[in-house]
Amino acid sequence: MGQSLNKKEDSKDICRNIMDKSRNLEEAEDLLGKLFSKTQVLEKALDAAWLRNEVISHNIANADTPGYKKYQVVFEDELKAAMSNNIKGKKTRSKHLDIGASSIDNVTPRIVPTGNTKMRVDENNVDMDTEMANLAKNTIMYNALIQKISGDLRRIKNAINEGRG
């Protein structure tokens with residue numbers, strides 16, 4: 001009987017250790033979630049800048065194509081809306097519709113045509129000067145995002161190494 005009591009106490013200690021490790025793991029996950037949440041937004045912005053570069057290059061390549069209508073990437077307004085709307089309805093059933101704030105995970109860059117204008121008689125609406133300026137602006141934005149993400153990851157690496165370089 002004495003052995004079974006020790007086994008119960010041992011199992012309680014094991015359970016306590018597991019619970020403590022579980023709490024520590026949850027705290028670590030929360031901390032990592034906070035560290036990487038900003039990086040996730042930057043990654044999405046980087047994806048949008050990459051896609052915008054592709055779309056602008058496509059527009060420039062079709063600048064002499066009769067009837068071509070340029071495209072643009074829509075992203076920043078949707079991201080801003082997702083980040084600013086903090087009120088979210090609670091879903092109690094899987095068939096309920098989402099109400100309120102949309103998750104940043106759901107924000108993706110979209111390619112939309114801009115077909116209401118024309119720059120020339122052949123119905124093409126690509127303005128090379130505007131597209132080249134947009135390409136330069138987007139390149140600067142892309143490089144700034146890369147630098148920001150690199151700096152954030154460097155700080156996370158430094159925190160993991162506890163400042164040991």
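A residue is called buried when its relative accessible area is under 20%, exposed when that area is over 50%, and partly exposed in between (1.4 Å probe, protein chains only). The structure described here is a predicted model, in which local features need pLDDT of at least 70 and side-chain atom pairs count only at pLDDT 80 or more, whereas totals for chains, interfaces and linings use all residues. Residues are numbered from 1 along each chain as its sequence is written, and side-chain values use heavy atoms, with hydrogens and water left out.

The mean pLDDT (the predictor's confidence in each residue, from 0 to 100) of the chain is 80, and 68% of the residues reach 70 or more. The secondary structure comprises 3 helices and 2 strands, taken as DSSP runs (H or I of at least four residues for helices, E of at least two for strands) and numbered from the N terminus; the elements follow the order α-β-α-β-α. Confidence is lowest in α1, with a mean of 75, and highest in strand β1 (residues 71–74), with a mean of 95. Of the 165 residues in the chain, 21% are buried.

The largest nonpolar core, a set of buried Ala, Val, Leu, Ile, Met, Phe, Trp, Tyr and Cys residues joined through side-chain atoms within 4.5 Å, contains 12 residues, among them V41, L46, F75, V107 and I149. At least two residues of this core come from each of α1 (2–61), α2 (76–84) and α3 (128–160), and α1 gives the most, with 6 residues. Apart from its neighbours within four places in sequence, the core residue F75 is in contact (heavy atoms within 4.5 Å) with K44, A45, A48, R52, V107, T108 and P109.

In α3, the buried residues include L145 and I149 as well as E131, N138 and D152. The end C-alpha atoms of this 33-residue helix are 48 Å apart, which agrees with the expected span of 48 Å at 1.5 Å a residue, the expected span being 1.5 Å times one less than the number of residues. Just after α3, E162 takes a positive phi of about 55°.

The whole structure holds 2 aromatic pairs, that is, rings of Phe, Tyr and Trp (its six-membered ring) with centres within 6.5 Å, counted as stacked when the planes are under 30 degrees apart, edge-to-face when over 60 and tilted otherwise. W50 and Y142 form a tilted pair, 6.0 Å centre to centre with 50° between the planes, which links W50 in helix α1 to Y142 in helix α3, 92 residues apart. Y142 is partly exposed, because its relative accessible area is 25%.
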